[in-house]
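Visitor: I would like a close look at one part of this model, the way its helices pack against one another, and then a view of what surrounds that part.

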Amino acid sequence: MSVGAKVTEADLFARIEAAPFGEKTKALARRAAQVESIGGVAWGLFPATPVMVRGSGSLLYDADGKEYIDLLSGFSVSNFGNCHEKLTEAIRGQAGELTHFFDFPHPGRIRLAERLVSLTAIRGGRARVLFGTTGSDGIESAVRAVRYFTGKPYILTALGDYHGATFGTIGLTSRAGMNATYLPGGAGNAVGFFGFPHAYRAGLSAYGCSGMEALAELDRNLSGGFSPYADGSTLNVAAILAEPFQSSTGYYVPPRDYLRELRRICDKYGLLLIVDEVQTGLGRSGKLWAHEHSEIEPDILVTSKTLGGGLPLSAVVARAEILEQWIPTAHINTQAGNAVACAAGNAVLDMLEAPGFFEEVKRRGERFKKGLDAIAAGHPGLGYIDNEGLYLGLEFVSDPVKKTPAPEAVAAIRAEGLKRGLLLDHGGYYGNRIPLIPALNIPDELIDRTLSILKESMDEAWKKVKGKTI
Ligand SMILES: Cc1ncc(COP(=O)(O)O)c(C=O)c1O
């Protein structure tokens, strides 16, 4: 699949025909192909969309009853597996009490806000919460808040970051050239980009970054260089917006100094620092928030995805004064902070706060890493493994010395995985990555099964692409 290639309904039907699905699943996929937008993730992640009817823990079942190991976790939404009993119980209980009360506080929402404020170290100490529904909506709210607060328009963000695909966020999202391929939205006209540092791809990134030098360049640019406007007070930048680790673009973990340097630059030029923890947050990295690995305090944090335990919910946790600027009704959102989603959110925090939870995430991450290292020893094409807790990104290359990206190998491995019941994501600056996104409570037995199917899929894929790129 090449980026930007148009796909017709007839193409989708041909893909469904060729897919390794049973007849009932294919029949549902055909119905979707006729009525749903082609622009969604369903026809991009796999050639033909799988159609699941049931989920239990880290396992999913399609319409024909075929079992899959869920290594997508709804892009880190289902971090406690599918239909966790504690979440189901919280959702059922709240649905019978109060489902929705406009964008008004209610007991569960007040409790969730109090917990988010006490769990998050925000610069300045005192914080407030603004609830929303999705990650994009949280980012839009944060951007609107900092523009209003500072009176300045520009937002600076890293090349390769993903901050959403709505009209207000697409201009901030440069993952896989999304902001170049598709018309940027409203935020696109006051956005600047800087390079993202990464140990393996430093100097090779399509985005021109070269390790931490990318940040020295950002510093130089902000200082005005040769400009007569070198005085920081004339800057028209409101904030730096950063993912602590680059998730949707391929699960890249930057050096710890990345966020430290962004914090230093923000302090030097009087900018606000917004961390987008929509995908990295709530435990995946082995800490509650991924930015904690760098020991910095943001001015604003945006969280979503697993916060609602599978229901739509987002929260902007910000320095109190930033959210005290609004006059009542200045920023409203009918569906924000839904009562059922907040009940699930409190259950999510209960599980994250259980003693030893993060140690278990780290232990499972180490089990994955050990198995992956063993696979890599026999497969030089597995060139690099990013790993922090259960945040895992695999980089595939056809030449380990030249680090030549191997997107064909990735496509073949994922296809082999799908046949064997393993749902794998894809990504990478060059389409040559497989992020692994397991539930945070994935049982050891399924980690081992995942590793063995992955190895088998790699062996098979290697045979197929050998002679071409490997
Ligand atoms: C880091 C990050 N920010 C924002 C978003 C947008 O979230 P949503 O798709 O819920 O709007 C995503 C989604 O993948 C994300 O990974």
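Is the crossing of helix 13 and helix 15 left-handed or right-handed? Please start there and work outwards.

Guide: The crossing of helix 13 and helix 15 is right-handed, and, like everything described here, this comes from a predicted model. The axes of helix 13, residues 357–378, and helix 15 come within 10 Å and cross at roughly 25°. Angles under 35 degrees count as roughly parallel, and helix 13 is therefore roughly parallel to helix 15. On the helix 13 side, Arg364, Arg367, Phe368, Gly371 and Ile375 take part, and they meet Asp444, Ile447, Leu451, Leu454, Lys455 and Met458 of helix 15. Sorted by class, the residues of this contact are six nonpolar, one polar and four charged.

Helix 15, which covers residues 444–465, also packs with helix 14, residues 407–419, at an angle of about 130°, with the two axes 8 Å apart. Helix 14 and helix 15 are therefore oblique to each other, and helix 14 passes helix 15 in a right-handed crossing. Here Glu408, Ala409, Ala412, Ile413, Glu416 and Gly417 of helix 14 meet a set of helix 15 residues that includes Ile453, Leu454, Ser457, Met458 and Ala461. The contact of helix 14 with helix 15 holds eight nonpolar, two polar and four charged residues. Leu454 and Met458 of helix 15 are named in the contact with helix 13 and again in the contact with helix 14.

Another helix pair can be set beside these. Helix 6, residues 107–119, and helix 12, residues 339–352, have axes that come within 8 Å and cross at roughly 40°, and these two helices are therefore oblique to each other. Their crossing is left-handed. The contact is made by Gly108, Arg109, Arg111, Leu112 and Arg115 of helix 6, together with residues of helix 12 among which are Ala339, Cys342, Ala343 and Leu349. By class, this contact has five nonpolar, three polar and three charged residues.

Turning to the sheets, seven strands form an open sheet in the order 4-10-9-8-7-5-6, with mixed pairing. Strand 4, residues 127–132, and strand 6, residues 191–194, stand at the edges with a single partner strand each, so one side of each has no neighbour in the sheet. From one strand to the next, the twist averages 20°. Within this sheet, strand 7, residues 237–242, and strand 8, residues 272–276, run parallel and are joined by four bridges, and alanine 239 has leucine 272 of strand 8 as its bridge partner.

Helix 7 lies across several of these strands, including strand 4, strand 7, strand 8 and strand 10, and runs at about 25° to strand 10. Helix 7, residues 135–150, also supplies the largest share of the shell around the ligand, namely three residues. In total 15 residues surround the ligand, and the closest are Thr134, Gly135, Ser136, Val278 and Gln279. That shell divides into four nonpolar, nine polar and two charged residues.

A further open sheet has four strands in the order 1-2-3-14, again with mixed pairing, and its edge strands are strand 1, residues 52–56, and strand 14, residues 422–423, each of which pairs on one side only. Strand 1 pairs with strand 2, residues 59–62, in the antiparallel sense over four bridges, and methionine 52 has aspartate 62 of strand 2 as its bridge partner.

Definitions and conventions
Residues are numbered from 1 along each chain as its sequence is written. This is a predicted model: local features need pLDDT of at least 70, side-chain atom pairs count only at pLDDT 80 or more; totals for chains, interfaces and linings use all residues. Axes are lines fitted to C-alpha atoms, for helices over the stretch in contact, and angles run from 0 to 180 degrees between N-to-C directions. Angles under 35 degrees count as roughly parallel, over 145 as roughly antiparallel, 65 to 115 as roughly perpendicular and the rest as oblique. A crossing is left-handed if the near helix is turned anticlockwise from the far one by less than a right angle, and right-handed if clockwise. Two residues are in contact if their C-beta atoms, placed from the backbone, lie within 7 Å. Ala, Val, Leu, Ile, Met, Phe, Trp, Tyr, Cys and Pro count as nonpolar, Asp, Glu, Lys and Arg as charged, and the others, Gly among them, as polar. A residue is near a molecule or strand if its C-beta atom, placed from the backbone, lies within 6 Å of it. Two strands pair if DSSP finds at least two bridges between them.
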